[in-house]
Amino acid sequence: MVRAVDLIAKKRNGLALSAEELRALMDGYMNGAIPDYQMSAFLMAVVWNGMTIEELTEFTQLMAHSGDTLSLDEIPGVKVDKHSTGGVGDKTTLVLGPLLAAIGVPVAKMSGRGLGHTGGTIDKLESIPGMQTALSTSQFIEQVKRIGIAIAGQTGDLAPADKRIYGLRDVTATVESLPLIASSIMSKKLASGANAIVLDVKVGSGAFMKTLADAKRLAATMVRIGREAGRSTVAVLSNMNEPLGRAIGNALEVKEAIATLRGQGPADLAEICLTLAAEMAILAGRAADPDEARRLLQQAIDDGRALAKFRELIEAQGGDASVIDHPERLPAAPHVQTLRAERAGYLGALPALAFGEAAMRLGAGRALKEDVIDPAVGLVLEAKTGDYVEAGQPLLTVHAASEADALRCVAELQPLFVVGSDPVEAPALVLGRIRAEDIDVDQDELLAAAHEAREAAYVPYSHFAVGAALRLRDGRIVTGANIENASYGLTNCAERNAIFAAVLGRKDKQQARKADIVEIAVVAGSPDPVPPCGACRQVMAEFCAPDTPVILANLEGHIRRTTVGELLPGAFTPEQLASSPGLQHV
Ligand code: URA
């Protein structure tokens, strides 16, 4: 019989669990034989030692099949789901759904309520008077077959293992683990029955992933899980340093979604919706490439089909569709306060998280699960990062339940609006795209190891941390990071530390030169991938063949490929020493 303690020890020791072992762990946990404390210990071991892609796929599938799974087979066509890792002012589902349905892509969307800044898609939809979001599975499927779209709260008990495990992670400091985050998100997507998945992975201060490098790693991991599970998966990386669009708050966001479906929405919201919808249309087989997809989608906005589909959706789910033509019929807050620019100039960065939290304090979101949302309250940014504003021009409108709330919110947010004389560049919105065919599994693994090693760098003087990872012929990966010294010259670089570790790992020291390094990756936080120093090049030439590939990367994932021979042509090597008769006897 498999004992939980042995599985925990195996993961603690950095070994991979087999499919059978993972199944025993999950079954035991779900049937109560394995208690929370053992699952927690296992999760902590994953935080430290990660999971192989095989483990990750199995673990995700086990969570996906731990409860009900939705079958969308009755709905003709390719069903494409979308998931956003969450951000401030993110109302893309309200725009994407009708837009895709308008060009004939079936939209069977299960959405959630929000915990945090603003409500989730379901809370936003429920700000439309009369709108029902609790549909039975058969009503849900029937509606998609009839009008091409349904957006409803989750039916059934999808991925209950994820729910329980997430509860544990929340209180055992094990949320921040790339494999655990990726498997948690993907388990719910796999259980929801779509054939293909588009992931909007947000990056920035208002997002779960704060850096592009982390977001790319998460995105690539989820795309790989999707691929292994037989679902075509694409990830788009998008900026969440400032709120998306202008509105933050449930009814305010519905209003903005209506404007966007009319072709009159904020440019950033329209752009991300078209980008994501184009990827979804391609996966659904409706368009061959992004240009064709965007043409079809833009036509549906221009000729009113997209907005008509939203009207049809609202009517089908019992809502008051007159809000399409009369958005003023959506819930409105009794107190509106405007914050104006004190001087003319360019507006600086608007930190997404601070605006999200301010909207939550107004009542637009939930701090606790049981909090009740006020659909009417929220914020509207009247200007965005990089805009030129005149003195007295509105910067923000606060929609509040009381005058005191409105004044407090204005006072809180005023310092965040910095207007200066120098032009400020508006942030780039779409930061990248990862498709399954773009993923080089081996390269990603080596770079991930170098990233991780970099975190151990000792760099109190330069603060310039570098990580290196070497792949050895037997498949092992050996890593190193730079270690500095108050006597600067004693500093050792990441590459050298990794190579020395690989050499020391050889049993036969006579064969030390044949450390069998077959690939090298170096990661640094520099604008361009940073090349190794001269000393490291000489050490590489000692222990690696000239054609050994070297991947140089920065934290944003920009990569330069080279070889040991290119880095140090005409290197002084032990062969030259060996061929010198005089020196042989020294
Ligand atoms: N969202 C999820 O669904 N799961 C995580 O682990 C993190 C974010």
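Contact here means that heavy atoms lie within 4.5 Å. The structure is a predicted model, and the exercises below refer to that model.

**Exercise 1. The surroundings of T85**

Task: Place T85 in the chain, decide whether T85 is buried or exposed, and state which residues T85 touches, not counting residues up to four places away in sequence.

Solution:
1. T85 is found in the loop that links β1 to α5 (92-102).
2. Buried means under 20% relative accessible area. The relative accessible area of T85 is 19%, so T85 is buried.
3. With residues up to four places away in sequence set aside, T85 touches I185, D200, V201 and K202.
4. For K202 there is also a polar pair: a polar atom of the T85 side chain lies 2.9 Å from the backbone nitrogen of K202.

**Exercise 2. The sheet that holds β1**

Task: Give the strand order of the open sheet, name its edge strands, and describe how β1 is joined to β4.

Solution:
1. The open sheet is formed by 4 strands, in the order β1-β4-β5-β13, with mixed pairing.
2. Its edge strands are β1 (80-84) and β13 (430-435), each of which pairs on one side only.
3. From one strand to the next, the twist averages 15°.
4. β1 and β4 (residues 196-203) run parallel and are joined by 5 bridges.
5. S84 has D200 in β4 as its bridge partner. D200 is also one of the residues that T85 touches.

**Exercise 3. Two alanines with positive phi**

Task: For A159 and A173, state the phi, the loop and whether each is buried or exposed.

Solution:
1. Most residues other than glycine have a negative phi.
2. A159 is not a glycine, yet its phi is positive, about 45°. A173 is likewise not a glycine and has a positive phi of about 55°.
3. A159 sits in the loop between β3 (149-153) and α8 (160-171). A173 sits in the loop between α8 and α9 (178-191).
4. The cut-offs are under 20% for buried and over 50% for exposed. A159 has 1% relative accessibility and therefore counts as buried. A173 has 60% and therefore counts as exposed.

**Exercise 4. The ligand shell**

Task: List the residues around the ligand, give the polar distances for R169, S184 and K188, and say which element gives the most to the shell.

Solution:
1. Around the ligand are Y166, R169, I181, S184, I185, K188 and F208. Of these, I185 is also touched by T85.
2. A side-chain N or O atom of R169 is 2.9 Å from an oxygen atom of the ligand.
3. A nitrogen atom of the ligand lies 2.6 Å from a polar side-chain atom of S184.
4. A side-chain N or O atom of K188 is 2.5 Å from an oxygen atom of the ligand.
5. On its own the ligand has 240 Å² of accessible area, and the protein covers 83% of this.
6. α8 and α9 are the elements that give two or more residues to the shell. α9 gives the most, with 4 residues.

**Exercise 5. The loop residue E390**

Task: Locate E390, classify its accessibility, and state which residues E390 touches, not counting residues up to four places away in sequence.

Solution:
1. The loop between β10 (388-389) and β11 (394-400) contains E390.
2. Values between the two cut-offs count as partly exposed. E390 has a relative accessible area of 44%, so E390 is partly exposed.
3. Leaving out residues up to four places away in sequence, E390 touches A341, R343 and A344.
4. E342 is 48 residues from E390 in sequence, and their C-alpha atoms are 8.4 Å apart.

Key
Residues numbered from 1 in each chain as written. Predicted model: local features only at pLDDT ≥ 70, side-chain atom pairs only at ≥ 80, totals over all residues. Heavy atoms only, no water. Pairing = 2+ DSSP bridges. Axes fitted to C-alpha atoms, helices over the stretch in contact; angles between N-to-C directions. Buried < 20%, exposed > 50% of the residue type's maximum accessible area, 1.4 Å probe, protein only. Polar contact = N/O pair within 3.5 Å; in protein donor to acceptor, adjacent residues only side chain to side chain. Near = heavy atom within 4 Å. Areas by Shrake-Rupley, 256 points an atom, 1.4 Å probe, with all protein chains shown as cover.
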